[in-house]
Amino acid sequence: MSKLIRKISIGSDYKNEAMHYSVGQEVYGGHRICDILHKEGEGSYMIYIKKNNEVLPWKKFNSNMAISIEYNLEY
């Protein structure tokens, strides 16, 4: 189930001002986004990054923000 979200966009103006995060995107000094998970009990989304086989939590967004989700269609 963790691979269902491919991209998350944060911000009310999707085209001009939103921040976009995609699985596989390089971020933060050579790390790559490896998972974007929805924590249903918390109503939040977590972005995890990976470098040298080490996975770290990187960003957390709550559902009070304007969020757009793009799902992976290859599951």
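Is Tyr21 buried or exposed? Tyr21 is buried, and its relative accessible area is 7%. The notes below start from the sheet and return to that residue. The model is predicted.

1. **Sheet layout.** The sheet is open and has four strands. Their order is β3-β4-β5-β6, and the pairing is antiparallel. At the edges are β3, residues 26–27, and β6, residues 54–62. Each of these two pairs on one side only.

2. **β3 with β4.** β4 covers residues 31–39 and is joined to β3 by two bridges. The two strands run antiparallel. Glu26 has Arg32 of β4 as its bridge partner. This is a hairpin with three residues between the strands. Tyr28 in that hairpin has a positive phi, near 45°.

3. **β4 with β5.** Seven bridges hold this antiparallel pair. Arg32 appears again here, opposite Lys50 in β5. So the register can be followed across three strands at this residue: Glu26 is the bridge partner of Arg32 in β4, and Arg32 faces Lys50 in β5. Further along, Ile36 has Ile47 of β5 as its bridge partner. The two strands form a hairpin with four residues between them. Gly43 sits in the turn with a positive phi of about 65°.

4. **β5 with β6.** Eight bridges join these strands, which run antiparallel. Tyr45 stands opposite Phe61 in β6. Here the hairpin has two residues between its strands. In the turn, Asn52 takes a positive phi of about 55°.

5. **Burial of β5.** Why is strand β5 described as largely enclosed by the rest of the structure? The strand spans residues 44–51, and six of its eight residues are buried, so the description follows.

6. **Side-chain direction.** One general point helps when reading the sheet. In a regular strand, side chains alternate between the two faces of the sheet.

7. **Aromatic pair.** There are two aromatic pairs by the rule used. Tyr21 and Trp58 form an edge-to-face pair. Their ring centres are 5.7 Å apart, with 85° between the planes. The pair links distant parts of the chain. Tyr21 is in strand β2, residues 19–22, and Trp58 is in strand β6, 37 residues apart.

8. **Aromatic cluster.** Tyr21, Trp58 and Phe61 make up one aromatic cluster. Phe61 is also the residue in β6 that stands opposite Tyr45. Exposure can be stated for two members. Tyr21 is buried at 7% relative accessible area. Trp58 counts as partly exposed because its relative accessibility is 26%, and the buried class ends at 20%.

9. **Charge over the ring.** Which residue lies over the face of Trp58? Lys59 does, at 4.7 Å from the ring centre. Trp58 thus has a ring partner in Tyr21 and a lysine over its face.

10. **Ser9.** This residue is found in strand β1, residues 5–10. Ser9 is buried, with a relative accessible area of 2%. Its side chain makes a polar contact of 2.6 Å with the side chain of His20. Beyond its neighbours within four places in sequence, Ser9 is in contact with Tyr14, Met19, His20, Ala66, Ile67 and Ser68. His20 is therefore on both lists: the contacts of Ser9 and the polar contact of 2.6 Å.

Methods. Residues are numbered from 1 along each chain as its sequence is written. This is a predicted model: local features need pLDDT of at least 70, side-chain atom pairs count only at pLDDT 80 or more; totals for chains, interfaces and linings use all residues. Side-chain values use heavy atoms; hydrogens and water are left out. Two strands pair if DSSP finds at least two bridges between them. Buried means under 20% relative accessible area, exposed over 50%, partly exposed in between (1.4 Å probe, protein chains only). A polar contact is a pair of N or O atoms within 3.5 Å; within protein, one must be able to donate a hydrogen and the other to accept it, and residues adjacent in sequence count only if both atoms are side-chain atoms. Contact means heavy atoms within 4.5 Å. Rings of Phe, Tyr and Trp (its six-membered ring) pair if their centres lie within 6.5 Å; planes under 30 degrees apart count as stacked, over 60 as edge-to-face and the rest as tilted. A charge sits over a ring if NZ of Lys or CZ of Arg is within 6 Å of the ring centre and within 35 degrees of the ring normal.
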